[in-house]
Amino acid sequence: MSYNEFEDLDHVESKGMTFDFKGFLFKVLHLWKLILLSIGIAMVIAYSINVRKQNIYRLGALVSIENDQNPFFTANTSISFNWGGVSGKVGKIMTSLNTRAHNELVVDSLQYYLSYLVQGKYRMEDIYTRAPFRVDIDKTKGQLLGKPIGIRFVNDSVYEVFTTFERDRVSVQKYGDKTIQGVTVPLGDFNERFKVGTPVYLSFLNLTLQIRQGATVRPGAEYYIQFANYDGIVYRYSRAVSAAPSRQSSAVLNLAMSGTNKAKIVDFLNTTVAILSKTELERKNQYATNTIKFIDSTLNAVNVDLKAVSEEMDAFRTQNKIFDVDVEMQEVSAKLKAFDREKDVVNDKLRYLELLETYLQTKTDYTDIAAPSSVGIEESNILTSVGKITNLAIERQNLEATTKEGSTLFKELDSRIDAEKNVLFEIISGTKRNITIQLNTLNAQIRKLEAKLSELPEDQQQYLKIQRKLDLSQEAYDIYLAKRSEAAIVKAANVSDISMIDEAKDIGNPPIGPNKSLNYMMALMVGFFAPLGLIFIVFLLDTTIHGSDEVERLSTIPIIGLIGKYRYKNNLVVFEKPKSAVAESFRAIRSSLQFFYKQLPNEGGRTVMVTSSVSGEGKTFCSINIATAYALSGKKTILLGLDLRKPKIFNDFNLNNDHGLVNYFIGEETFESVLEKTHIDNLDVVTSGPIPPNPSELLMRGKLDELIIRLRKTYDIIVLDTPPVGLVTDALEIANFADAILFVVRLDFTKKGMLQLVNAKYRKGELKNISFILNFYKHKTNQNYGYGYGYGYGYGYGVYGEAYHERDKISNVGKVKKIFKRL
């Protein structure tokens, strides 16, 4: 073997099953109609989605959170309130926005569990306040859940309620206590008329319908109302509002909410801020409210005492004459009254401390503690400690709305409260001891002054005593009344820490969704890449050869000819249709073989072996027509049916297969007895004969060698129709006698792996002088890009010949099939 032959073998070996990007690209270009159709369908789907989706809007509000000081707080204010600081307040407000307790207040205020609907083109549209009527529901009775209830106006004073029930039991909810229960309803269509303004009492509906002021109703107009589960609505809205600190100030919050109805968004945002502000003010006033309650209870007791002493003085004056008391004794009485007043103040402090101590020991909620300054306690340590406990208790109360019981946050707060309580207990204990000492001192001084007054007559002593009690009660009453007025003024003038800077408002905000452009872009991408991916998968998994370019890529074995797809009643196309393109292709193969044979030594007839990888690829068809092409050119030709396992060539020549080469090989008959003349000049045929049990052994006995030598002396061309080389070894035995081997590749049928098998046998030298014939070839640019160099003679000549070849008439059904095959 020459160096060039070794180089060719190495080149063949280097060919592999690599991805054919060029083939894939042309496959995509060939299926451009499919891709265009896919894009069109995707765009139609995107349009359908866009027109059916509701517009989504996003509106916002700006809220300030500050520690606003009461304008009535001055240095002269006698009652001290501890309001707490701003630390963590922004975070608490942001958390409160998403709490269930807060959103229940908002939903209850706006009644968002009730929707006003109208039938739109694609869906039920929420018209909210644009409905010409409103309904006042009876919260103590059930309302039908989850099903639209129709409202059809007969005129401006009569309407009818209509709906359809598919089951006799439905769920209703009472929005007063939020309970859900099942009720019985009539099956089928329900339709009943009512007067506007008249209460409706049904098992599933309890309300009063009113026409909105200034609204007009059109007879026959249909609307719908729908009730939703209260808990579900609260849950949905608890996640609807987002809050974020402003970039300019951490004490300013940007509230935002998205939805399909701008009016609903505006009302919800403004209401949620209003309720937050109200709740925060109530929390802020809680300490003052508790103090006012404590002063009221004390004031009531003082008032009772004042009335009793006044009645006592009136009774004394009625029974006794009016007399003058000595000036000195009056001074003593005045001093005694001052000490009694001081004693009452000390007793009030002591009583408050005892009540506070008992309260802290017996209660768990410490948000109801009154201000110590309301009874004159000014000790800073007590005021600070009580303020801390109150703030911690309020913080724990707020935490209960957002955190599950048992959380470590509760444990931490409870620990801090207990620690502060222990400190306060120690302070109270020390303060009570000091007050007791102070009280004992006052009692001693009072006893000395009372001893001096005992020198006076009994009636004068009684008078001074009653007068002193009357003055003390009146002064105490006046003091507590002033304290209550002061506390009430401070509470009334107090402002919430939460205020609206910029309320939510519909100013023509454009929708933020759906992003229709994005939907169309996604549809374009999906419409393009989905079929592209499908084509890629099919192309990647496709192991069948479809074009000459694939053959060239997988093997360097030359292509000697292309045979077009041609349906005919038998295999004698070259003989019976000599002007067809297929016949021209076989003549082109004959011419190519003549150039090939000129390079061989000039000894007798030439042999050409026709084989393939598997059955059904057109091997016999090619054998018969190549032999016919040579015979019609004047060459004495013989066709040998060496496919001993599956003989076929006899049918086309109207021969039987009762005897043939098998009989000759086993010695039953002579070669002349199995040789058959055909109706084609210069063409003889020898069929294979009956199928033997051992075809391979029969071919190896040596008679084939003798036969080929004999035939070379008699015939110009010997065509060997052999078994498939990919299935049996018979063809490899016959290949030793072939001057040229034609391997038939049927496009859209032969597997790519078979070419690897042929390459391997060619590389090992088992198949020499081999060339490919592409059968069932269809001229498509995308399948044969770049083909036409080296072995394009047969292809080019065949295409050129189509200009004058005969064309069979194609039926209309055939034309339609042809169009679909081109897709």
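This is a short tour of one protein structure, with a suggestion at each stop of what to select and a description of what is there.

**The whole chain**

Begin with everything displayed, and keep in mind throughout that this is a predicted model. The protein has 25 helices and 24 strands, and of its 823 residues, 45% count as buried. If you consider the contacts in the protein with a separation of 6 or more, residues 24 or more positions apart account for 79% of them.

**Two helices that cross**

Next, select residues 89–96, which form helix α4, together with residues 262–284, which form helix α7. Two packed helices are described by the angle between their axes and the distance between the axes. Here the axes of α4 and α7 come within 12 Å and cross at roughly 125 degrees, which makes α4 oblique to α7. The crossing of these helices, α4 and α7, is right-handed.

To see where the helices touch, show the side chains of Lys 89, Ile 93 and Ser 96 in α4, which meet Leu 276, Glu 280 and Arg 283 in α7. Sorted by class, this contact of α4 with α7 has 2 nonpolar, 1 polar and 3 charged residues.

**A buried strand and its partners**

Now move along the chain and select residues 717–721, which make up strand β22; 5 of its 5 residues are buried, so the strand is largely enclosed by the rest of the structure. In a regular strand the side chains alternate between the two faces of the sheet. In β22, Ile 717, Val 719 and Asp 721 point one way, while Ile 718 and Leu 720 point the other way, and all are buried.

Add residues 606–612, strand β18, which pairs with β22 in the parallel sense over 5 bridges. Then add residues 637–641, strand β19, which is joined to β22 by 5 bridges and runs parallel to it. Which residues stand opposite Asp 721 in β22? Val 610 is one of them, and Gly 641 also stands opposite Asp 721.

**A buried valine**

For the last stop, select Val 674, which lies in helix α19, residues 671–674. Is Val 674 buried or exposed? Its relative accessible area is 0%, so Val 674 is buried.

Leaving aside residues up to four places away in sequence, Val 674 touches His 659, Gly 660, Tyr 664, Glu 669, Val 685 and Val 686. Pick out His 659 from this group: His 659 and Val 674 are 15 residues apart along the chain, and their C-alpha atoms are separated by 6.4 Å.

Note on methods
Residues are numbered from 1 along each chain as its sequence is written. This is a predicted model: local features need pLDDT of at least 70, side-chain atom pairs count only at pLDDT 80 or more; totals for chains, interfaces and linings use all residues. Side-chain values use heavy atoms; hydrogens and water are left out. Axes are lines fitted to C-alpha atoms, for helices over the stretch in contact, and angles run from 0 to 180 degrees between N-to-C directions. Helices (H or I, at least four residues) and strands (E, at least two) are DSSP runs, numbered from the N terminus. Angles under 35 degrees count as roughly parallel, over 145 as roughly antiparallel, 65 to 115 as roughly perpendicular and the rest as oblique. A crossing is left-handed if the near helix is turned anticlockwise from the far one by less than a right angle, and right-handed if clockwise. Contact means heavy atoms within 4.5 Å. Ala, Val, Leu, Ile, Met, Phe, Trp, Tyr, Cys and Pro count as nonpolar, Asp, Glu, Lys and Arg as charged, and the others, Gly among them, as polar. Buried means under 20% relative accessible area, exposed over 50%, partly exposed in between (1.4 Å probe, protein chains only). Two strands pair if DSSP finds at least two bridges between them.
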